[in-house]
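Colleague: I'd like to learn how to read the helices in a model like this one. Could you walk me through it?

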Amino acid sequence: MYQNTTYTVEEAIKKLEYYCAYQERCHKEVRQKLLGMRMIPEAIDHIMVHLIEQNFLNETRYAKAFVQGKFRIKQWGKRRLTLELMKKDISKSLIHDVINDIHDNDYHQTLHNLAQKALAGITEKNRLKKKKKLSDYLLYRGWEPHLVYEKVNALIT
């Protein structure tokens, strides 16, 4: 991607300021970008500090935006959200805080709507196979097993 291009620290800062302003980024993504630009470790540290001080980079803001977006748009459950944030090296305490910001009513309503929509798309006639397909789908989306089985049993009798 950046094989033949070299950057000064100032050029890299401008490029990364734009990169972070365009969309919320986590520290890991920015560090990967800088490594891809073949920046030396001292320059990476300097640029990371600059981006944090200038508020271009904020893990809390990133985690909140990530959780809100993936929950609202992709309708992921708390387990999937937690795993994806852990892959991005977000601290467990921060993950716990932002996951708990999801209101229980919204969470259960989203699960209900998602389950009904998925159930409408399942053409299986066998009741047990239908339950399994719906359960697998909801579990893949990261919903907690006890909520999934409760919802599946309520929808498919």
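Modeller: Happy to; we will go through helix faces, a helix crossing and the nonpolar cores. Keep in mind that this is a predicted model.

Colleague: Let's begin with α9. Which residues of this helix are buried?

Modeller: The idea is to list the buried positions and then look down the axis. Helix α9 covers residues 145-155, and its buried residues are L147, V148, K151 and V152. Viewed along the axis of α9, these fall within an arc of 125°, so they line one face of the helix. H146, E150 and A154 are exposed on the other side of α9.

Colleague: And what covers the buried residues of α9?

Modeller: The cover includes α7 (104-120) and α8 (127-140).

Colleague: How do α7 and α9 cross, at what angle and with which hand?

Modeller: For a pair of helices, look at the axes and then at the residues in contact. The axes of α7 and α9 come within 11 Å and cross at roughly 50°. Angles from 65 to 115 degrees would count as roughly perpendicular and those under 35 as roughly parallel; the value here makes α7 oblique to α9. The crossing is right-handed. On the α7 side, the contact is made by Y107, H108, L111, H112, A115, Q116 and L119, and on the α9 side by L147, K151 and L155.

Colleague: Which residues touch the most other members of the largest nonpolar core?

Modeller: In a core, look for the members with many partners. This core has 29 residues, and V67, L81, L85, I90, L134, L138 and W143 touch the most other members. At least two residues come from each of α4 (59-74), α5 (78-87), α6 (92-99), α7, α8 and α9. The most, six residues, come from α7.

Colleague: Take L85 as an example. What does it touch?

Modeller: Leaving out residues up to four places away in sequence, L85 touches Y62, A63, F66, V67, I90, I95 and V98. Another core, of 15 residues, lies apart from the largest one and has A12, I13, L16 and M37 among its members.

Colleague: Can we try the face reading again on α2? Which of its residues are buried?

Modeller: Helix α2 runs over residues 27-36, with E29, V30, K33 and L34 buried. Down the axis of α2 they fall within an arc of 135°, so they too line one face of their helix. Their cover includes α1 (9-22), α3 (41-53) and α4.

Colleague: What should I look for just after α2?

Modeller: Check the backbone angles there: R38 takes a positive phi of about 60°.

Technical notes
Residues numbered from 1 in each chain as written. Predicted model: local features only at pLDDT ≥ 70, side-chain atom pairs only at ≥ 80, totals over all residues. Heavy atoms only, no water. Buried < 20%, exposed > 50% of the residue type's maximum accessible area, 1.4 Å probe, protein only. Helix = DSSP H or I, 4+ residues; strand = E, 2+ residues; numbered from the N terminus. Arc of directions from axis to C-beta. Contact = heavy atoms within 4.5 Å. Core = buried A, V, L, I, M, F, W, Y, C linked by side-chain atoms within 4.5 Å. Axes fitted to C-alpha atoms, helices over the stretch in contact; angles between N-to-C directions. Parallel < 35°, antiparallel > 145°, perpendicular 65-115°, else oblique. Left-handed = near helix turned anticlockwise from the far one by under 90°.
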